[in-house]
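Trainee: Let us go through this structure by questions. Please keep the answers short and end each one on the result.

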Amino acid sequence: MMTKRRTLSAPEVIAKKRDGQVLSEADIHAFIEGFTAGTVPDYQATAFAMAVVLRGMTFDETVALTLAMRDSGRVLRLGRHAAPIVDKHSTGGVGDKVTICLTPIVAACGAIVPTMSGRGLGHTGGTLDKLESISGFRVALDERELKKQLRQVGSALIGQTEHLAPADRRLYALRDVTATVESIPLITASILSKKLAAGIDNLVLDVKVGRGAFMKSTDSARELARSLVHTGRLAGMNVSAVLTEMDAPLGMAVGNALETVEALSLLHGQGPEDLEEVTFAVGAEMLRIAGIAKTKSQAIRRMRSAVEDGSAAAVMRAMVRAQGGDPRVVDEPDRLPSAKHRGTVTSPRTGFVREIDALEVGIASMKLGAGRTRAEDSVDPTAGIVLSVKRGDRVDAGSSLATLHASKPSLLQEAKTQVLASLRIGGSKPKLESRIIETMRR
Ligand code: URA
């Protein structure tokens with residue numbers, strides 16, 4: 001008679017992974033259950049994370065970890081809707097305000113879009129911080145409020161509640177301070193467990209690649225995208241990924257209220273070209289995966305008419321009103337808070353803008369007050385940078401390259417030097433490429 005193997009203890013799980021062996025589904029579940037219950041302490045969870053960073057995981061192990069983290073808390077049932085439910089997730093970048101304009105556009109095209117976002121940490125901004133620059137806007141909806149809003153408005157812009165995938169939240173906080181974030185299986189399980197717990201069945205990932213992103217090379221971004229798409233499928237979700245370039249900031253604005261203004265301008269057909277390109281590429285994939293459009297060009301036509309006929313802006317107004325904010329900001333962005341002090345960065349020479357380093361701009365914006373260095377820090381909604389130029393533009397010596405926004409004049413000087421150093425001005429016009437690298441569906 002076969003006897004059922006006992007599950008391994010936490011030190012045995014860590015040792016097995018440390019030695020490069022494959023863990024069983026039961027062992028991974030028992031470990032995460034113990035971590036959630038508090039019987040596996042933080043130091044063992046951290047040692048486990050480091051073993052995974054160094055040894056990796058098979059797809060089956062990654063699926064087991066994803067499902068174990070999903071099951072560490074509540075799993076939402078978003079209820080029956082006449083339209084398909086679809087969400088997006090970005091791996092994070094500088095000037096990435098896509099979620100704010102994309103959610104109402106895709107909802108106006110007929111999908112149910114319960115977008116769950118995070119806060120910024122380090123040089124990358126977070127959608128929740130940007131939305132909170134709208135006075136009164138509540139990102140913490142409970143389950144009942146969320147379901148009601150999805151029925152009435154068709155979309156919501158919210159944060160993860162503490163009941164969803166709590167094991168991920170705790171493990172992520174440990175990874176953040178123990179150099180264990182950079183692991184494809186851990187990132188995959190972290191992102192997908194939250195989305196599965198939120199009841200999402202169709203998901204499009206915007207995997208950012210470049211200097212301002214988490215994944216610096218196209219190869220590593222492809223590997224992450226493949227892991228997310230494949231693991232998502234095995235875990236029962238319909239997932240695809242769009243790889244988009246993040247060497248330079250997206251759009252012209254970096255900072256919370258400043259980015260919200262720019263995202264709202266796109267809803268009126270006036271956003272910067274590269275922001276529109278990425279928004280429509282990710283949106284087209286969302287409409288395709290949800291079965292609302294058959295082709296990219298059909299999806300883009302639909303999104304364009306949602307902007308032109310005002311229906312996307314109408315969804316945004318309804319969302320802002322439902323979540324406690326003043327809907328007039330959608331048409332009158334001057335109502336958003338603005339900084340007391342401004343400084344201009346001017347060009348030292350005549351030439352062409354060849355590069356704008358997103359990482360440097362992100363750090364400069366953070367230092368101006370737009371970002372945080374510790375999770376518990378608060379952000380200044382008014383701080384940030386508005387670039388006056390984009391790659392390929394011709395500039396004259398002394399002309400404006402960027403305007404800096406801050407609450408104290410003392411913050412401006414250091415940021416000026418950093419923003420200036422982030423821009424490379426050369427003698428010839430650079431070759432300009434699309435922001436969209438590729439779409440991965442399997
Ligand atoms: N975003 C997440 O949600 N989790 C990670 O591990 C990395 C990025």
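Trainee: Which residues in helix 4 do Glu25, Ile28, His29 and Ile32 in helix 2 meet?

Mentor: The model is predicted: local features need pLDDT of at least 70, side-chain atom pairs count only at pLDDT 80 or more, and totals for chains, interfaces and linings use all residues. Residues are numbered from 1 along each chain as its sequence is written, and side-chain values use heavy atoms, with hydrogens and water left out. Contact means heavy atoms within 4.5 Å, and helices (H or I, at least four residues) and strands (E, at least two) are DSSP runs numbered from the N terminus. On that basis, the helix 4 residues met by these four are Glu61, Ala64, Leu65, Leu67, Ala68 and Met69.

Trainee: How many residues of each class does the contact of helix 2 with helix 4 have?

Mentor: Ala, Val, Leu, Ile, Met, Phe, Trp, Tyr, Cys and Pro count as nonpolar; Asp, Glu, Lys and Arg count as charged; the others, Gly among them, count as polar. By class, the contact has seven nonpolar, one polar and two charged residues.

Trainee: At what angle do helix 2 and helix 4 pack?

Mentor: Axes are lines fitted to C-alpha atoms, for helices over the stretch in contact, and angles run from 0 to 180 degrees between N-to-C directions. Helix 2 covers residues 25-37 and helix 4 covers residues 59-70. Their axes are 9 Å apart, and the packing angle is about 35°.

Trainee: Is the crossing of helix 2 and helix 4 left-handed or right-handed?

Mentor: A crossing is left-handed if the near helix is turned anticlockwise from the far one by less than a right angle, and right-handed if clockwise. The crossing of helix 2 and helix 4 is right-handed.

Trainee: What does Asp27 touch?

Mentor: Asp27 is found in helix 2. Buried means under 20% relative accessible area, exposed over 50%, and partly exposed in between (1.4 Å probe, protein chains only). Asp27 has a relative accessible area of 0%, so it is buried. Not counting residues up to four places away in sequence, Asp27 touches Arg5, Thr7, Leu8, Val13 and Lys16.

Trainee: Why is the pair of Phe31 and Phe48 called tilted?

Mentor: A search of the whole structure finds one aromatic pair. Rings of Phe, Tyr and Trp (its six-membered ring) pair if their centres lie within 6.5 Å; planes under 30 degrees apart count as stacked, over 60 as edge-to-face and the rest as tilted. The centres of the Phe31 and Phe48 rings are 4.6 Å apart and their planes are at 35°, so the pair is tilted.

Trainee: How many residues apart in sequence are the parts that the pair ties together?

Mentor: Phe31 is buried at 4% relative accessible area, and Phe48 is buried at 2%. Phe31 lies in helix 2 and Phe48 in helix 3 (residues 42-55), so the parts tied together are apart in sequence by 17 residues.

Trainee: Which residues does Leu174 touch?

Mentor: Leu174 has its place in helix 8 (residues 166-176). Leu174 is buried, with a relative accessible area of 15%. Not counting residues up to four places away in sequence, Leu174 touches Phe35, Asp42, Ala45, Thr46 and Thr180.

Trainee: Which strands stand at the edges of the open sheet in the order 1-4-5-13?

Mentor: Four strands form this sheet, and the pairing is mixed. Two strands pair if DSSP finds at least two bridges between them. Each edge strand has a single partner, so one side of each is left without a neighbour in the sheet; the two are strand 1 (87-90) and strand 13 (436-440).

Trainee: What is the bridge partner of Val242 in strand 13?

Mentor: Strand 5 (residues 238-245) and strand 13 run antiparallel and are joined by four bridges. In strand 13, Val242 has as its bridge partner Thr439.

Trainee: What is the bridge partner of Val113 in strand 3?

Mentor: Five of the five residues of strand 2 (residues 113-117) are buried, so strand 2 is largely enclosed by the rest of the structure. Strand 2 pairs with strand 3 (residues 155-159) in the parallel sense over five bridges. In strand 3, the partner of Val113 is Ser155.

Trainee: Which residue in strand 9 does Ala253 stand opposite?

Mentor: Strand 6 and strand 9 (residues 384-387) pair in the antiparallel sense over two bridges. In strand 9, Ala253 stands opposite Val386.
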